[in-house]
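Biologist: Could you take me through one part of this structure slowly, from a single side chain outwards? I would like the numbers as well as the picture.

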Amino acid sequence: MKKAEAKRMAIAEKLADHLLSQGLKGASLRQMAQAAETSDRMLLHYFADKNELMSQALKLIADRFLALLTNAQPLQIPYEHLIRHLSVMVSQPEVKPYLRLWLDLAASSAGGDGIHREIAKRVFHDYFDWVAAALKVEREEERKPLAALAVATVEGFVLMDACDCASFISIALRGVEAR
């Protein structure tokens with residue numbers, strides 16, 4: 001790896017850590033330069049623009065999150081068990097920064113930010129693919145619909161947790177188990 005590429009990766013890693021701790025509110029060029037222990041001018045030396053910088057850092061974050069999910073649940077399991085497993089993960093301290101940033105990104109995307117929309121779309125598809133692969137199904141045609149339902153359910157859990165309404169998660173789980 002060339003020295004410049006190694007420096008780019010080191011900066012992106014520091015920015016990924018910064019975004020996980022600060023969310024998008026810490027995404028000004030000046031704040032990111034400070035987190036990377038460099039100047040905003042040097043950031044733009046290594047990256048074409050702020051969009052490329054954000055895209056690279058958010059891709060690293062998405063990769064880390066998928067690795068975290070895979071390490072926590074590497075085997076295929078039925079829908080009900082996967083929902084319960086993911087509902088527990090929502091409240092874990094090592095997972096919360098990823099989910100908080102995901103909510104920031106989704107809100108920015110919904111607000112019309114095209115760059116964030118593209119990144120959010122990529123993150124969503126990667127997450128959906130992980131959920132689909134983690135599902136144990138009897139018939140292959142069940143995989144995508146159940147994956148979509150699982151993602152929608154767990155995203156609801158994320159929202160409930162973010163709004164300090166996590167007690168509703170257990171109510172929802174009872175509904176999942178009753179079906």
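What relative accessibility does Lys-96 have, and what does Lys-96 count as on that basis?

Modeller: Happy to. This is a predicted model, in which local features need pLDDT of at least 70 and side-chain atom pairs count only at pLDDT 80 or more, while totals for chains, interfaces and linings use all residues. Residues are numbered from 1 along each chain as its sequence is written, and side-chain values use heavy atoms, with hydrogens and water left out.

Lys-96 has a relative accessibility of 32%, so it counts as partly exposed (buried is under 20% relative accessible area, exposed over 50%, partly exposed in between, with a 1.4 Å probe and protein chains only). Its side chain meets that of Asp-161 in a salt bridge, 2.7 Å from N to O (a Lys or Arg side-chain nitrogen within 4 Å of an Asp or Glu carboxyl oxygen). This pair links distant parts of the chain, 65 residues apart, with Lys-96 in helix H6 and Asp-161 in helix H8 (helices are DSSP runs of H or I, at least four residues, numbered from the N terminus). Asp-161 is the buried partner, because its relative accessible area is 19%. Elsewhere, salt bridges with shared partners join Glu-5, Arg-8 and Glu-52 into one network.

Now follow Asp-161 into its helix. H8 covers residues 143-162. Its 20 residues should span 28 Å at 1.5 Å a residue, and the C-alpha atoms at its ends are indeed 28 Å apart (the expected span is 1.5 Å times one less than the number of residues). Asp-161 has company in being buried: the buried residues of H8 also include Leu-146, Ala-150, Val-154, Phe-157 and Val-158. An α-helix has 3.6 residues a turn, so residues three or four places apart point the same way. Among the elements covering the buried residues of H8 are helix H5 (79-90), helix H6 (96-110), helix H7 (114-134) and H9.

At the other end of H8 sits Arg-143, which counts as buried because its relative accessible area is 14%. Beyond its neighbours within four places in sequence, Arg-143 is in contact (heavy atoms within 4.5 Å) with Gln-76, Ala-132, Ala-133, Leu-135 and Val-137. Just after H8, Asp-164 adopts a positive phi of about 60°.

Helix H9 then runs over residues 167-178, with Ser-167 in it. Ser-167 counts as exposed because its relative accessibility is 51%. The C-alpha atoms of Ser-167 and Glu-80 lie 18 Å apart in space, while the two residues are 87 apart in sequence.

H9 has a salt bridge to look at too: the side chains of Glu-177 and Arg-84 meet at 2.1 Å, N to O. Here again distant parts of the chain are linked, since Glu-177 belongs to helix H9 and Arg-84 to helix H5, 93 residues away. Glu-177 is partly exposed because its relative accessibility is 47%, and Arg-84 is partly exposed because its value is 37%.

For a pair within one helix, look at Asp-63 and Lys-59, whose side chains form a salt bridge of 3.0 Å, N to O. Both are in helix H4, 4 residues apart, or about one turn of the helix. Asp-63 counts as partly exposed because its relative accessibility is 35%; for Lys-59, 42% also means partly exposed. Over the whole structure, the search finds 11 salt bridges.

Note on methods:
Helix = DSSP H or I, 4+ residues; strand = E, 2+ residues; numbered from the N terminus.
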